[in-house]
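Hi everyone, thanks for coming. Let me put the sequence and the structure up on the screen, and then we'll walk through a few parts together.

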Amino acid sequence: MRVLLDEDLPTGLARHLPPHEVRHVAELGWKGTSNGELLRDAVAARFDVLLTGDAHMPFQQDLRQHDIAVVQVRVERLVLWRLIPLAPQLVAAIETAPKRTLSIVPPPPA
């Protein structure tokens, strides 16, 4: 699957999400792109999933209009060392997320 990491996620997360092809918005020159435009660009570039930490996206965008799955990760801070332990759950969510909807990966139990 082709996965796009939103700009709020660290680029290093990509290497923890095998076997998927993972690109970061910064690599594509899409940093600073609005959520609506990012979703349209991601669909046009044939990404299957947008992985984000943006809690506002589902309220700002009608995800039913975009032929892409959105997976939101919820952690206290979006830093790599907090995200690595969630990698198995992220991979599972990426593989099962239905397009045009939001799937959520919750924080690990305290």
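I'll talk about one strand, then a helix, then a single leucine. Just keep in mind that this is a predicted model.

Okay, let's start with β4, residues 69–73. How many of its residues are buried? It's 5 of the 5, so β4 is largely enclosed by the rest of the structure. And both faces are covered: Ala69, Val71 and Val73 are buried on one side, while Val70 and Gln72 are buried on the other.

So who are the neighbours? β3 runs parallel to β4, and 4 bridges join them. Look for Leu50, which stands opposite Val70. β4 also pairs with β5, again in the parallel sense, over 4 bridges. There, Val73 has Val105 as its bridge partner.

Now swing over to helix α4, residues 87–96. Its buried residues are Ala87, Leu90, Val91, Ala93 and Ile94. They cover an arc of only 165 degrees around the axis, so they sit on the same side of the helix. Pro88 and Thr96, on the other side, are exposed. And what do the buried residues of α4 pack against? That would be β1, β3, β4, α3 and β5.

Last stop: Leu63, in the loop between α2 and β4. Buried or exposed? With a relative accessible area of 8%, Leu63 is buried, because the cut-off for that is under 20%. Among the residues Leu63 touches are Leu39, Val70 and Leu102. Leu102 is 39 residues away along the chain, yet the two C-alpha atoms are separated by 7.4 Å.

Okay, that's my tour, thanks!

Technical notes: Residues are numbered from 1 along each chain as its sequence is written. This is a predicted model: local features need pLDDT of at least 70, side-chain atom pairs count only at pLDDT 80 or more; totals for chains, interfaces and linings use all residues. Side-chain values use heavy atoms; hydrogens and water are left out. Helices (H or I, at least four residues) and strands (E, at least two) are DSSP runs, numbered from the N terminus. Buried means under 20% relative accessible area, exposed over 50%, partly exposed in between (1.4 Å probe, protein chains only). Contact means heavy atoms within 4.5 Å. The arc is that of the directions from the helix axis to the C-beta atoms. Two strands pair if DSSP finds at least two bridges between them. Lists of a residue's contacts leave out its neighbours within four places in sequence.
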